[in-house]
Amino acid sequence: MKRLLTIAYGATCYLIFLAAFLYAIGFVGNLVVPRSIDNGVAASTGQAVVVNVVLLALFAVQHSVMARPAFKRRWTRFVPTTVERSTYVLASSLVLFILFWQWRTMPAVVWNVTWPPGRIGLQVLFWLGWATVLASTFMINHFDLFGLRHVYLAWHAKPYTHIAFRAPLLYRVVRHPLMLGFIIAFWAAPRMTAGHLLFALATTGYILIALQLEEHDLIAALGDQYRQYRRQVPILIPGFQRHGRRTDAETATKLV
């Protein structure tokens with residue numbers, strides 16, 4: 001019964017994530033969904049800025065704090081390790097739904113691309129960004145990333161094992177193609193409103209900060225293997241890599 005509940009919980013959390021992910025595409029692109037980035041709750045400009053910033057900060061704090069190894073060590077004293085990742089996915093999805101529900105509209109137009117080829121190009125970029133996000137998850141391990149592998153192993157009474165580090169396909173071009181996909185999708189807007197601009201600026205800033213924390217955790221976990229990968233592959237912009245970077249050990253060797 002315990003194993004049945006574990007896998008049912010993991011599957012439910014995954015389905016909720018999938019709904020949040022699909023809603024996010026509609027939210028950012030103003031497609032189909034009842035409340036979107038330009039069709040949210042009506043409010044004054046001041047109220048909209050405050051509420052939207054709070055919503056974005058709520059997601060940033062939850063998403064980053066729960067992902068840190070130190071938090072996980074404390075969190076798993078109360079939550080079984082088999083469903084820790086699923087619980088993280090569930091919490092992130094629920095916070096996203098709160099953001100979608102309470103987002104305030106800021107309708108002032110910042111730019112509006114009316115040239116047909118330009119609009120089509122930005123729309124293609126929008127979908128390419130989301131495709132990159134989804135494809136990137138499968139290039140590493142989609143089911144491990146969203147907790148399903150954890151509960152699957154628990155169902156078979158097998159201990160969880162970490163997946164070996166590898167850099168397939170897009171991960172040979174940039175270290176974080178998933179985050180690059182988000183940035184492309186958030187900025188590729190033929191019609192950019194003040195609300196959309198606030199969302200794009202805040203999420204891009206958060207991504208840049210969060211990547212530094214993630215890089216620190218990856219170096220702590222993988223050591224020289226990840227340091228070598230960092231020297232070979234740029235973090236976000238394809239082809240843009242700082243040359244001549246050395247680790248502290250390499251610098252010390254040169255000095256000696």
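Helix α1, residues 2–29, and helix α5, residues 116–140, have axes that come within 12 Å and cross at roughly 160°, and the two helices are therefore roughly antiparallel to each other, a label given to angles over 145 degrees. Here helices are DSSP runs of H or I with at least four residues, strands are runs of E with at least two, and both are numbered from the N terminus; the axes are lines fitted to C-alpha atoms over the stretch in contact, with angles running from 0 to 180 degrees between N-to-C directions. The model is a predicted one, in which local features need pLDDT of at least 70 and side-chain atom pairs count only at pLDDT 80 or more, while totals for chains, interfaces and linings use all residues. Residues are numbered from 1 along each chain as its sequence is written, and side-chain values use heavy atoms, with hydrogens and water left out.

The contact between the two helices (heavy atoms within 4.5 Å) is made by Phe21, Ala24, Ile25, Val28 and Gly29 of α1 and by Phe126, Trp127, Trp130, Val133 and Leu134 of α5. An α-helix has 3.6 residues a turn, so residues three or four places apart point the same way.

A second place to look is leucine 90, which lies in helix α4, residues 81–102. At 17% relative accessibility, leucine 90 counts as buried, a word that means under 20% relative accessible area with a 1.4 Å probe and protein chains only. Once its neighbours within four places in sequence are left aside, leucine 90 is in contact with Tyr9, Cys13 and Ile16. Between leucine 90 and threonine 12 there are 8.7 Å in space, C-alpha to C-alpha, although they stand 78 residues apart in sequence.

Helix α7, residues 148–155, is mostly covered, with six of its eight residues buried. These are Leu148, Arg149, His150, Val151, Leu153 and Ala154, and they pack against α1, α4 and α6, the last spanning 142–145. After α7 comes alanine 157, whose phi is positive, near 60°.

Taken as a whole, the chain has eleven helices and two strands. Its radius of gyration, taken over C-alpha atoms, is 20 Å, close to the 18 Å that the globule rule (2.2 Å times the number of residues to the power 0.38) gives for 256 residues, so the chain is as compact as a globular protein of that length. Of the 256 residues in the chain, 40% are buried, and among contacts between residues at least 6 apart in sequence, 75% join residues at least 24 apart.

Definitions and conventions: Parallel < 35°, antiparallel > 145°, perpendicular 65-115°, else oblique. Buried < 20%, exposed > 50% of the residue type's maximum accessible area, 1.4 Å probe, protein only.
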